[in-house]
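Got the viewer open? Keep the selection box handy, and we'll walk through the model one stop at a time.

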Amino acid sequence: MAEGEPKPLNYIPEVILKKRKSNEQWAIRRKLQLEQKTRKSKGDNFVIKKPEQFIRDFRDRELDLIQMKQRGKQKRRGSVTPESKLLFIIRIGGKTDMHPKTRKILYSLRLRRIFNGVFVKANERMMEILQLVEPFVTYGYPNLKNVKDLIYKKGLAKIDKQRVPLTDNNIVEQALGNHGILCIEDIVNEVATVGPHFKEVIGLLCPFTLNKPDNKALFGKKKLYKDGGDTGNRQDQINELISKMN
């Protein structure tokens, strides 16, 4: 071949290309079979997925990561006022379309399951975190009635790695008596006012398991609540949703 003459492209026979594609599809199916076999051996419920669904789920998770980074660069929406020191967060979505980084943030908030709810202290940092996972949560400022109803109706304490219903003031006194919190009503007051021992009280309380609301309460839309969807900050209107899920 003369110097400077372009190098000819290598020709790959069509039969080899078809074989490669077949091998790739077989590899995806084999991976799914192994994952499903592992989950079945652990006794988990599982759904057999086609390779096409597996690819769509992967793309959805990658899209979630891109959108999360974009939200992180946006100026934070809303503000925290002295009258709104307490937030109640409800996880309302997130399964196959959730990137592992999103899941990690939700887990750090103790929102491991859909329709779990938690009390948190409202501050600048918390609002930034919530903006990152906004498509999967809704939140707002709970009133005293809903704080009390949640704790009395669905309150569970974590004692020696066991979930114990809050039905006995002795449980509260043993766990938090050294902080001057002796009964369930003290817990309600500490949470509602975001008192000096709020962190210890929240550490005792398990995430609240809420009831699935009807379609009139949640429409399954990832748009912000103020734009006609389900997600993001509902401010005081979170109380209507809490009442329907408690």
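How many disulfides does a search of the whole structure find? It finds 0. Keep in mind throughout that this is a predicted model. Select two of the cysteines anyway: C183 counts as partly exposed because its relative accessibility is 21%, and buried would need under 20%. C206, at 6% relative accessibility, counts as buried.

**The overview**

Zoom out and colour by secondary structure. You should have 9 helices and 7 strands on screen. Of the 246 residues in the protein, 37% are buried. Now show contacts: among those with a separation of 6 or more, 66% are between residues 24 or more positions apart.

**The aromatic stop**

Next, show the aromatic side chains. The whole structure holds 3 aromatic pairs. Pick F119 and F208: their ring centres are 5.4 Å apart and the planes meet at 85°, so this pair is edge-to-face. F119 belongs to strand β2 (residues 116-121) and F208 to strand β6 (residues 208-209), so the pair ties together parts 89 residues apart in sequence. Are these two residues buried or exposed? Both F119 and F208 are buried. Add F88 to the selection, and you have one aromatic cluster made of F88, F119 and F208.

One more ring before moving on: select Y107 and R112. The charged end of R112 sits over the ring of Y107, at 4.0 Å from the ring centre.

**An arginine inside**

Now go to R234, in strand β7 (residues 232-235). R234 has a relative accessible area of 6%, so it is buried. What does the side chain of R234 make a polar contact with? Show the side chain of T138 and you'll find that contact at 2.7 Å. Leaving aside residues up to four places away in sequence, R234 touches T138, Y139, A217, L218, Y225 and L241. Then put a distance label between the C-alpha atoms of R234 and Y141: the label should read 7.9 Å, for two residues that are 93 apart in sequence.

**Down the axis of α9**

L241, from that list of R234 neighbours, takes us to helix α9 (residues 238-245), where the buried residues are I238, N239, L241, I242 and M245. Turn the view to look along the helix axis. These buried residues cover an arc of only 160° around the axis, so they are on the same side of α9. To see what covers them, switch on β1 (86-91), β3 (137-140), α5 (144-154) and β7, which are included in that cover.

**Two backbone oddities**

For the last stops, hide the side chains and look at phi. Most residues other than glycine have a negative phi. Which way does R110 go? Its phi is positive, about 70°, although R110 is not a glycine. You'll find R110 in the loop between α3 (100-108) and β2. R110 is partly exposed, with a relative accessible area of 29%.

Finish at V194, in the loop between α7 (184-193) and α8 (198-204). Phi of V194 is near 50°, again a positive value in a residue other than glycine. V194 has a relative accessible area of 11%, so this residue is buried, whereas R110 is partly exposed.

Notes:
Residues are numbered from 1 along each chain as its sequence is written. This is a predicted model: local features need pLDDT of at least 70, side-chain atom pairs count only at pLDDT 80 or more; totals for chains, interfaces and linings use all residues. Side-chain values use heavy atoms; hydrogens and water are left out. Rings of Phe, Tyr and Trp (its six-membered ring) pair if their centres lie within 6.5 Å; planes under 30 degrees apart count as stacked, over 60 as edge-to-face and the rest as tilted. Helices (H or I, at least four residues) and strands (E, at least two) are DSSP runs, numbered from the N terminus. Buried means under 20% relative accessible area, exposed over 50%, partly exposed in between (1.4 Å probe, protein chains only). A charge sits over a ring if NZ of Lys or CZ of Arg is within 6 Å of the ring centre and within 35 degrees of the ring normal. Contact means heavy atoms within 4.5 Å. A polar contact is a pair of N or O atoms within 3.5 Å; within protein, one must be able to donate a hydrogen and the other to accept it, and residues adjacent in sequence count only if both atoms are side-chain atoms. The arc is that of the directions from the helix axis to the C-beta atoms. A disulfide is a pair of cysteine sulfur atoms within 2.5 Å.
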